[in-house]
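Open the model in your viewer and follow the stops below in order.

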2 protein chains.
Amino acid sequence: MTFLRNIKLTIEYDGSCYRGWQTQRLGIKTVQKTIEDTLEKILCEKVKLIASGRTDSGVHALGQVANFKTNSSIPKYKLLYALNSLLPKDIVVKKVEDVDMDFHSRFSAISKIYRYTILNSKIRSPFLNKRAFFYPYPLDINLMRREAKKLLGRHNFLAFQNSDKVKRDSIRRIKKIRILKEGNLIHIDIEADGFVYGMVRNIVGVLLQIGRKKPINIEELLKSKIKPSGYFKVPAEGLYLVKVNY
Amino acid sequence: MTFLRNIKLTIEYDGSCYRGWQTQRLGIKTVQKTIEDTLEKILCEKVKLIASGRTDSGVHALGQVANFKTNSSIPKYKLLYALNSLLPKDIVVKKVEDVDMDFHSRFSAISKIYRYTILNSKIRSPFLNKRAFFYPYPLDINLMRREAKKLLGRHNFLAFQNSDKVKRDSIRRIKKIRILKEGNLIHIDIEADGFVYGMVRNIVGVLLQIGRKKPINIEELLKSKIKPSGYFKVPAEGLYLVKVNY
């Protein structure tokens, strides 16, 4: 079937109540399925959403991007309004754009930015429950910043990849890492041309160990290409897909 | 029974999943009941929590205060730790203090500060769902600020009281009103020596109408002592009990 339009959606969601982005078997609530079902109601046709990438169960997004092809002539502002009226309140479509027919949310992406947010305080916050990782230990942020720099550039990130889903190609390029302190929140922002499975959460886990002055050598980890045992992967609740660059 | 200790708790909670503060009939989940049950588990005795005031269903607190009397000799730090380990993650006890035996969370209070948070943007935020009132209309904040000043001081707030719970004494003194803009959030902070039922939400409703240039005269409203029909009371989700001053 040939389509006349390719529509790009920029989506924000609180992933707490979803089993991740990707549509799974019947009865599993995912972000993709929820939006696809809503689009079907609006457009009276089945659509297939292509996202920049999956997000895991409980992971949030400030700027997930997904596109779909359609022959509907619905104006963009009407689609935006209809989507946000019908979607549950933990998913919001921020932008609707017509894009070139060859735009592909995943393959056209140049880089992605993820943020991991840590509540570094002695006491939890009820308002950050499922929105940040509560980590009450003292951290040497400057040490974390210095060591994080060693991750910059092109590396084989096999040592930072979840072993259950190892792909052959684990080479990625990290363009930026920033560690920001905002009150008792710590944000770790990572921009890369791509991410191997589990990469952000494994990097943050290692940086937290470094912040607690555990003797971990990032250069050696990268070289070893082996995910060490007793690894500390941080939970999904602090992770946000911030932006996809095209 | 005579008690040896009077313990003051400072409590933060996300009220989204609770039917307000006050213990109700069996099976209704309230903040008070949840904390009382947890205290009973820790202290092996029934306790009666006295709060600075009830909060309605869905209302949040950053600094609710409640006290209870006990003969337990549990150290404060242990009680704090045990409470936060056992309480659900949407309730956090921030502070445990021993106070004079005659301290009473409600009667000893000099003033209370409430905050009402409005998301004033064209698009919702999934992360502010149940945490702020989504109000997408343009508002004249400076006009709201000017008019809000007329509420300062001692007045009969009958016109700002929910009619279903009218008390004889509706005279209160508003000490401060501040309207802050923070990105697309608007916070309306009100400090008063006390609040009649529904007062903050009714005031905010009126201020929003004023912000939309509806011809409402606050001085006349106060004088009339009559809650006008077609009144606009904003929902609970934007309301936070910020602090109780003693």
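Start at the interface of chain B and chain A, where two residue pairs are in polar contact, both at pLDDT 80 or more (a pair of N or O atoms within 3.5 Å; within protein, one must be able to donate a hydrogen and the other to accept it, and residues adjacent in sequence count only if both atoms are side-chain atoms). This is a predicted model, in which local features need pLDDT of at least 70 and side-chain atom pairs count only at pLDDT 80 or more, while totals for chains, interfaces and linings use all residues. Residues are numbered from 1 along each chain as its sequence is written, chains are lettered from A in the order in which they are written, and side-chain values use heavy atoms, without hydrogens and water.

Next, select the side of chain B that touches chain A. Strands E1 (5–13), E3 (60–70) and E4 (91–99) and helix H2 (76–86) of chain B each supply at least two of its residues. E4(B) gives the largest share, four residues.

Now select the whole interface: 22 residues of chain B are in contact (heavy atoms within 4.5 Å) with 22 residues of chain A. Then pick Lys89(B), Pro126(B) and Phe127(B), which supply 39% of the area that chain B buries against chain A, more than any other three residues.

Last, go to the largest pocket. Its lining has 36 residues, and Phe127(A), Leu128(A), Leu185(A), Leu128(B) and Leu185(B) lie nearest the centre. Show strands E5 (111–119) and E9 (185–192) in both chain A and chain B: each supplies at least two lining residues.Terms: helices (H or I, at least four residues) and strands (E, at least two) are DSSP runs; buried area is the accessible area (1.4 Å probe) lost on joining two parts, summed over both. A pocket is an open set of points on a 1 Å grid where a 1.4 Å probe fits, with protein on both sides within 12 Å along at least five of seven lines; lining residues have an atom within 4 Å of a point.
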